[in-house]
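This report describes how two helices pack, what the nonpolar interior is built from, and where the backbone takes up less common angles. The reader may wish to keep the model in view while going through the sections.

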Amino acid sequence: MTLPTALTLLRIALLPIVFVAFYIPADWARPLCAIIFAVAGFTDWLDGYLARRLGQSSAFGAFLDPVADKLMVAVSLLMLVSADPELWLVLSASIIISREIVISALREWMAEMGQRQLVAVSNIGKIKTVLQMLAIFMMLYKETLFGIDFYLYGTYALVIAAALTLYSMCLYLRAAWRSGAVSE
């Protein structure tokens, strides 16, 4: 068990805590939920950094890290939709979750074709992820802080993240199509 893998497992273990905190009927619960989500998000960055820095990259870690990320995002979006089933939120969450399923399947398929590098994480994918995590954090926090309505600005960020999600999915699908793998 490497330290980066342990951090990834910690991120998964924090999910039930985020879930419970979200549904506690207390004023402090949503900020606590957001802070735990932020800690989990930080471990995402930290496990990758440590894996590279310490030379502790592993096939299991490479598999588990994106799974942990997708679980964290999907569970958080479902909680937010359950609390506020507005059309824009349901649509944004649906786009984000659906894209993750499509791209995961595409990456697996392209790997079987020996062309996984064509659908490797791009810079637009990284920007989308950062914006998506920030949006979810702000919406989980929900409170106004220093006059900033975190939920409102989080919703704007989530809609932009959903648009970037569609754009990045189109880029990945186009790369797969151009490779000729789609016609096989």
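## Packing of α3 against α5

In this predicted model, helices α3 and α5 are oblique to each other, because the angle at which they pack is about 40° and angles between 35 and 65 degrees fall outside the roughly parallel and roughly perpendicular ranges. Helix α3 covers residues 59-83 and helix α5 covers residues 123-141, and their axes lie 11 Å apart. The crossing in which α3 passes α5 is left-handed.

On the α3 side the contact is formed by M72, V73, S76, L77, M79 and L80, and on the α5 side by Q132, M133, I136, M139 and L140. Sorted by class, nine of these residues are nonpolar and two are polar, while charged residues are absent from the contact.

## The nonpolar cores

In soluble globular proteins, nonpolar side chains tend to be buried together. The largest nonpolar core of this model holds 32 residues, and those that touch the most other members are L77, L80, L89, I136, L140 and L158. Two or more residues come from each of α1 (3-23), α2 (29-53), α3, α4 (87-112), α5 and α6 (150-179), and the greatest contribution is that of α5, which supplies seven residues.

I136, which belongs to the α5 side of the contact with α3, is also among the core residues that touch the most other members. When residues up to four places away in sequence are not counted, I136 touches F37, V73, S76, L77, L80 and L158. A separate core of six residues lies apart from the largest one, and its members include I103, M110, Y172 and A176.

## Positive phi angles in two loops

Which residue in the loop between α5 and β1 deserves a look at its backbone? The residue is K142, which is not a glycine and yet has a positive phi of about 70°. With a relative accessible area of 43%, K142 is partly exposed, since that class lies between the buried limit of 20% and the exposed limit of 50%. Strand β1, which bounds this loop, covers 144-145.

F146 likewise is not a glycine and has a positive phi, here of about 55°. The loop that holds F146 runs between β1 and β2, the latter strand covering 148-149. Is F146 buried or exposed? Its relative accessibility is 78%, and F146 therefore counts as exposed, the threshold for that class being over 50%.

Methods. Residues are numbered from 1 along each chain as its sequence is written. This is a predicted model: local features need pLDDT of at least 70, side-chain atom pairs count only at pLDDT 80 or more; totals for chains, interfaces and linings use all residues. Side-chain values use heavy atoms; hydrogens and water are left out. Axes are lines fitted to C-alpha atoms, for helices over the stretch in contact, and angles run from 0 to 180 degrees between N-to-C directions. Helices (H or I, at least four residues) and strands (E, at least two) are DSSP runs, numbered from the N terminus. Angles under 35 degrees count as roughly parallel, over 145 as roughly antiparallel, 65 to 115 as roughly perpendicular and the rest as oblique. A crossing is left-handed if the near helix is turned anticlockwise from the far one by less than a right angle, and right-handed if clockwise. Contact means heavy atoms within 4.5 Å. Ala, Val, Leu, Ile, Met, Phe, Trp, Tyr, Cys and Pro count as nonpolar, Asp, Glu, Lys and Arg as charged, and the others, Gly among them, as polar. Buried means under 20% relative accessible area, exposed over 50%, partly exposed in between (1.4 Å probe, protein chains only). A nonpolar core is a set of buried Ala, Val, Leu, Ile, Met, Phe, Trp, Tyr and Cys residues joined through side-chain atoms within 4.5 Å.
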